[in-house]
Amino acid sequence: MTTAELTPADFELIRGLVRRNSAIVLEQDKHYLIETRLQMLAKTDGFPSVDHLMAEIRAGKRHARVVEAMTTNETSFFRDLLPFEAFRKLVLPELMNKRAGQRRLQIWCAACSTGQEPYSLAMLLREHGPSLKDWKLQLLASDLSTHVLERAKQASFNQLEVNRGLPAPLLLKYFRKVGAQWLLKDEVRELVQFQQLNLIGPWPVLPEMDVVFLRNVLIYFDVDVKRQILARVRRLLRPDGFLFLGGAETTLNLDDAFERVPFERSGCYRLRTGG
């Protein structure tokens, strides 16, 4: 496939397209990233060059594919670990105590990529075994990209992917080897429901959530969009629920209704009492 350098006009066209459809802000220094991902998309979709792909884009076609190509889908099992430690040691025991009468938990992973985050949480729920046996556990996992959601639904991971953050005991307990892949067992897969969702678009009717994982998403948005998304999450979160953000993210100066939970570097927040 032949390659060509993007013109300034093409660069601005892609930046504007991505921002309108996802609110993701691609800064001026992202020229190389945009060009590289367009080259990959052109190859994947069978175009002889980026120029041919750009002609389609200018004609109003393949916009959704371009937006998906520009999203970052970096993920791993138990990524950064401390949020999952906070969930296991603090959040889950507290919620199990408070929800003992209802015996129901609703969790949302709002940018699940290829599934490692929601499946990590599902494994932690299964690790509680008998204490959650009769509970109704619902774990919604959503993402902007339909491509990564299809991968996530397969629950099939290669050796490199399971080597990244997944403890060996959990690998052996909850996965089975199928050729070169590791396939997640049904007892974990059945806890997770996947759904395409654009955080800046209309949201479907969602149940009240006990826990929301919105990690490493807000960093791509401008301040106004961050505030809008946090406000929508706040309205969806139960009054005693928990919100997890990424290590480089905060609610500070964005939404004063939240306060940080004092669990070391976990990115865990809850609504202020009476907030």
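In this predicted model, valine 211 has phenylalanine 242 of strand E8 as its bridge partner. Strands E7 and E8 run parallel to each other and are paired over five bridges. Strand E8 is largely enclosed by the rest of the structure, because seven of its nine residues are buried.

The loops on either side of this pair hold two residues of note. Asparagine 216 lies in the loop between strand E7 (209-214) and helix H11 (223-236). Its phi is near 60 degrees, a positive value in a residue other than glycine. Most residues other than glycine have a negative phi. Threonine 251 sits in the loop between strand E8 (237-245) and strand E9 (258-260). Where is threonine 251 placed with respect to the solvent, buried or exposed? Threonine 251 is buried, with a relative accessible area of 3%, which is under the 20% cut-off for a buried residue. Leaving aside neighbours within four places in sequence, threonine 251 is in contact with Leu230, Leu243, Leu245, Phe258 and Tyr269.

**The chain as a whole**

The chain has 11 helices and 10 strands. Its radius of gyration is 20 Å, and the globule rule gives 19 Å for 275 residues, so the chain is as compact as a globular protein of that length. Along the principal axes, the C-alpha trace spans about 60 × 50 × 30 Å. Of the 275 residues, 49% are buried. The chain exposes about 13500 Å², and carbon and sulfur atoms supply 51% of that area. Among contacts between residues at least 6 apart in sequence, 73% join residues at least 24 apart. The chain carries 39 positive and 33 negative charges, and the mean positions of the two sets are 5 Å apart.

**The three-stranded sheet**

One open sheet has three strands in the order E3-E5-E4, with antiparallel pairing. Its edge strands are E3 (156-157) and E4 (175-178), each of which pairs on one side only. Strand E3 is joined to strand E5 (residues 181-184) by two bridges, and in this pair serine 156 has leucine 183 of E5 as its bridge partner. Four bridges join E4 to E5, where valine 178 is partnered with glutamine 181 of E5. Strands E4 and E5 form a hairpin with two residues between them. One residue of that turn, glycine 179, has a positive phi of about 65 degrees.

**Helices near the start of the chain**

Phenylalanine 11 lies in helix H1 and is buried, with a relative accessible area of 4%. Not counting residues up to four places away in sequence, phenylalanine 11 touches Leu6, Glu27, Gln28, Lys30, His31 and Ile34. The C-alpha atoms of phenylalanine 11 and glutamate 35 are separated by 8.3 Å, and these residues are 24 residues apart along the chain.

Which residues of helix H4 (residues 63-70) are buried? They are Val66, Val67, Glu68 and Met70. The cover over the buried residues of H4 includes helix H1 (8-22), helix H2 (31-44), helix H3 (50-58) and helix H7 (146-154).

Leucine 81 is found in the loop between H4 and helix H5 (82-98). Leucine 81 also has a positive phi, near 55 degrees, in a residue other than glycine. With a relative accessible area of 46%, leucine 81 is partly exposed.

**Serine 142**

Serine 142 is in strand E2 (residues 136-143). It counts as buried because its relative accessibility is 0%. The residues that serine 142 touches, not counting those up to four places away in sequence, are Trp108, Cys109, Ala110, Ala111, Cys112, Leu149, Gln195 and Leu197.

The relative accessible areas given above are set out in this table.

| Residue | Relative accessible area | Class |
|---|---|---|
| Serine 142 | 0% | buried |
| Threonine 251 | 3% | buried |
| Phenylalanine 11 | 4% | buried |
| Leucine 81 | 46% | partly exposed |

Terms used. Residues numbered from 1 in each chain as written. Predicted model: local features only at pLDDT ≥ 70, side-chain atom pairs only at ≥ 80, totals over all residues. Heavy atoms only, no water. Rg over C-alpha atoms; globule rule 2.2 N^0.38 Å. Buried < 20%, exposed > 50% of the residue type's maximum accessible area, 1.4 Å probe, protein only. Contact = heavy atoms within 4.5 Å. Areas by Shrake-Rupley, 256 points an atom, 1.4 Å probe, with all protein chains shown as cover. Lys, Arg positive; Asp, Glu negative; His and termini not counted. Charge placed at Lys NZ, Arg CZ, Asp CG, Glu CD. Pairing = 2+ DSSP bridges.
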